[in-house]
Amino acid sequence: MRRARRYIIRVRPDGSVRVTVPRGGSRLEATRFLQKHAAWIAQERDRVTAAHVTPSWTNGATTMLRGAPVTIRIEGDETSGLRTARYGERSVVIPAGATDLRPFIEADLRLLAREELGPRLHAFAAAHNMTVAGFTIRNQQSRWGSCSKSGRIALNYRLVQMPPSVRDYVLLHELMHLSQQNHSRRFWRLVEAACPDFRDAERWLKVHGRGLL
């Protein structure tokens, strides 16, 4: 990844390992990085396995919505092809023969993100006398949001799976980058003023965030 500054290891919910290679990096160095952190990877795999979120999104599996575990249930008749997958208060039409429900539910989560995150972001911006130049929903694999120097903010659609307080922290975090394009002490003072409980949100992301990616 051109924007990555260092090697990053992510253990996915299914136990597979994803390594981000920074610009100028190599497969050889990535392999060495993996070997160096083999013990950590093993521990993280154990943690992911023990997590309550089900890696495979099939009928009866569990995922997250607004910070709460919800069970995915298929309703309808397979022979007629009219089936609906329900999770929490959400529902999405599933084509006949589909067993992996993830693509359809993730598409619905993106719709929900567009409906909820934009208005919330702009409300926060207005409350802090800030202007957002642009807003997009993305499928980011290693971050929850980003803010460009031009004032455009991108948000991970998975924010709608988090508790509202954690989601709001991420929105405010990115908004504060409109004033400070860094993670300096001044930036964190701005974050704390806008979101006094941001440390609780950071802890939630550290414990549960990887299970959503």
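# Questions and answers on a predicted model

Me: How many helices and strands does the secondary structure of the chain come to?
Reply: The structure shown is a predicted model. Its chain holds both kinds of element, and the secondary structure comes to six helices and nine strands.

Me: What share of the residues in the chain is buried?
Reply: A residue counts as buried when its relative accessible area is under 20%. The chain has 213 residues, and the buried part of them comes to 41%.

Me: What do carbon and sulfur atoms supply of the area that the chain exposes?
Reply: The C-alpha trace spans about 60 × 45 × 30 Å along its principal axes. The chain exposes about 12100 Å², and the part supplied by carbon and sulfur atoms is 50%.

Me: How far apart are the mean positions of the positive and negative charges of the chain?
Reply: The chain carries 35 positive and 19 negative charges. When the mean position of each set is taken, the two are separated by 11 Å.

Me: Which residue in β2 stands opposite Ile 8?
Reply: Strand β1 covers residues 8-11, and strand β2 covers residues 17-20. The two run antiparallel and are joined by four bridges. Within β2, the residue opposite Ile 8 is Thr 20.

Me: Are the residues on the two faces of β1 buried or exposed?
Reply: On one side of β1 are Ile 8 and Arg 10, and on the other are Ile 9 and Val 11. Both faces are covered, and these four residues are all buried.

Me: Which strands stand at the edges of the open sheet with the order β7-β9-β8?
Reply: This sheet has three strands and mixed pairing. Two of its strands have a single partner strand each, so one side of each is left without a neighbour in the sheet. Neighbouring strands are turned by 15° against each other on average, direction ignored. The strands at the edges are β7 (134-138) and β8 (145-147).

Me: Which residue in β9 is the bridge partner of Phe 135?
Reply: β7 pairs with strand β9 (residues 152-156) in the parallel sense, over five bridges. In β9, the bridge partner of Phe 135 is Ile 153.

Me: Which helix lies across β8 and β9?
Reply: Helix α3 (residues 102-127) lies across β7 and β9 and runs at about 145° to β7. Another helix, covering residues 164-176, runs at about 155° to β9. The helix that lies across β8 and β9 is α4.

Me: Is Gln 140 buried or exposed?
Reply: Gln 140 lies in the loop between β7 and β8. Residues up to four places away in sequence aside, it touches several others, among them Gly 145, Ala 154 and Leu 213. The limit for a buried residue is under 20% relative accessible area. Gln 140 has a value of 10%, so it is buried.

Me: What is the separation of the C-alpha atoms of Gly 97 and Ser 150?
Reply: Gly 97 is found in the loop between β6 (90-94) and α3, and it is exposed, with a relative accessible area of 53%. Along the chain, Gly 97 and Ser 150 are 53 residues apart. Their C-alpha atoms are separated by 45 Å.

Me: What is the phi of Asn 129?
Reply: Asn 129 has its place in the loop between α3 and β7. Asn 129 is exposed, with a relative accessible area of 75%. Although Asn 129 is not a glycine, its phi is positive, at about 55°.

Note on methods: Residues are numbered from 1 along each chain as its sequence is written. This is a predicted model: local features need pLDDT of at least 70, side-chain atom pairs count only at pLDDT 80 or more; totals for chains, interfaces and linings use all residues. Side-chain values use heavy atoms; hydrogens and water are left out. Buried means under 20% relative accessible area, exposed over 50%, partly exposed in between (1.4 Å probe, protein chains only). Two strands pair if DSSP finds at least two bridges between them. Accessible areas come from the Shrake-Rupley method with a 1.4 Å probe; for residues, only the protein chains shown count as cover. Lys and Arg count as positive and Asp and Glu as negative; His and the chain ends are not counted. The place of a charge is taken as NZ of Lys, CZ of Arg, CG of Asp or CD of Glu. Axes are lines fitted to C-alpha atoms, for helices over the stretch in contact, and angles run from 0 to 180 degrees between N-to-C directions. Contact means heavy atoms within 4.5 Å.
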